[in-house]
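Student: Please walk me through one part of this model in detail, beginning with how its strands are arranged. I would like one connected account rather than a list.

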Amino acid sequence: MCVVVPARDEAPLLPASLPSLLRQDYPGRAEIFLVDDGSSDGTGDLARELAHRHGGLPLTVGSPGEPPAGWTGKLWAVRHGIGLARAREPEYLLLTDADIAHAPDSLRELVSAARAGGFDIVSLMARLRVRSAWERFVVPAFVYFFAQLYPFRRIGGEGTRTAAAAGGCVLLRADAAERARIPDAIRHAVIDDVALARAVKGSGGRVWLGLADGVDSVRPYPRLHDLWRMVSRSAYAQLRHNPLLLAGTVVGLALVYLVPPAALVAGLAAGNTAAAVAGGAAWLVMTGTYVPMVRYYRQPLWLAPLLPFTAFLYLLMTVDSAVQHYRGRGAAWKGRTYARPDAVPDEG
């Protein structure tokens, strides 16, 4: 088992995440490769210091240099880490982010699930932080909407084309990575986790994605601005930069989430009982579908009826993502901005 951790300017978060990897209770051989992707805050030195202080699994810190044309920075770092790991001839690779804290048995449980199910990818959607008011309002809906775009049951089902992973925690069979040419085949991808899962499933691999219990993100999003950037940086890329898909998404969000409360209010104001009952019933059903996610995030149930207002925020974030794209700003990750996919050179 080799753990690959791409890290760019993550010094504030490493003390809360890296020790959880160093302390893994794994019965086989395991090693960590942290790739310092051009950090300016001493990320690599801090990682070495934490490894010296905490002990545990061996840690190697590498640095890939600036990514060449056609590569996103994170995937270039992942490529460097996988290259270092291949010298150990691992059976599995764990691709995890520098802001993810793992329970002590995380590696063991991931490998056990992969072997039991015969999966080439086992990915867990890390539980994002929910402490600030805006995190409580926005974060549970992030996973709720993701699961609508990529239904987890369809991802794990054989004979389906639906594929996705959660980049914070992806256990990948090393031979499946070679067969799917990971990460070279997806070097230009901004939404790298979904692209990775599609490449592996497209090459005949089996993929499983689920919600995490014991894999948590320690990255804070205290302000609405922080959450807005998290969503809008890649929302339009998720829609393949397609204006028709954008229009369909906006209309769909409006019909499903905004029309019911509007119909309830308008029906009550106009004395139209049928409109009020229909709107209220739709709002109630919508709330019921959101309750399990609110419970998963251990939040008060009174947040569930607020889903229409959260959905309106996501609608605005998605539109803003498209506006930024057509202004030529592209998607961004850790201070790097990437061109439109059709402007990225294909190096063959």
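Tutor: Two strands are said to pair if DSSP finds at least two bridges between them, and strands (E, at least two residues) and helices (H or I, at least four) are DSSP runs numbered from the N terminus. This is a predicted model, in which local features need pLDDT of at least 70 and side-chain atom pairs count only at pLDDT 80 or more, while totals for chains, interfaces and linings use all residues. Residues are numbered from 1 along each chain as its sequence is written, and side-chain values use heavy atoms, with hydrogens and water left out.

The part to look at is strand β4, residues 92-96. With strand β7 (residues 169-173), β4 pairs in the antiparallel sense over 5 bridges, and there Leu 95 of β4 stands opposite Val 170. With strand β1 (residues 2-7), β4 pairs in the parallel sense over 3 bridges, and Leu 93 is the bridge partner of Cys 2.

In a regular strand the side chains alternate between the two faces of the sheet. In β4, Tyr 92, Leu 94 and Thr 96 lie on one side and Leu 93 and Leu 95 on the other. Both faces are covered, and 5 of the 5 residues of β4 are buried. Here buried means under 20% relative accessible area and exposed over 50%, with partly exposed in between (1.4 Å probe, protein chains only).

The two partner strands also bring in a pair of cysteines, Cys 2 from β1 and Cys 169 from β7. Why is Cys 2 not bonded to the closest cysteine sulfur? The sulfur of Cys 2 is 16 Å from that of Cys 169, and therefore too far for a bond, given that a disulfide is a pair of cysteine sulfur atoms within 2.5 Å. Cys 169 is accordingly in no disulfide, and the structure holds 0 disulfides. Both residues are nevertheless covered, since Cys 2 has 2% relative accessibility and Cys 169 has 0%.

Following the chain onward from β7, one comes to the loop between α7 (174-179) and α8 (192-202), where Pro 183 lies. The peptide bond from Ile 182 to Pro 183 is cis, with omega near 5 degrees. Most peptide bonds are trans, and most residues other than glycine have a negative phi. Two arginines depart from the latter pattern, namely Arg 240, with a positive phi of about 60 degrees, and Arg 298, with phi near 55 degrees. Arg 240 lies in the loop between α10 and α11, Arg 298 in the loop between α12 and α13. Arg 240 is exposed, with a relative accessible area of 60%, and for Arg 298, likewise exposed, the value is 60%.

As for how far to trust these details, pLDDT is the predictor's confidence in each residue, from 0 to 100. The mean for the chain is 93, and 94% of the residues reach 70 or more. Residues 340-348 call for caution, as pLDDT stays under 50 over that stretch. The model gives it 12 contacts (heavy atoms within 4.5 Å) beyond four places in sequence. Where pLDDT is low, the predicted coordinates should not be read in detail.
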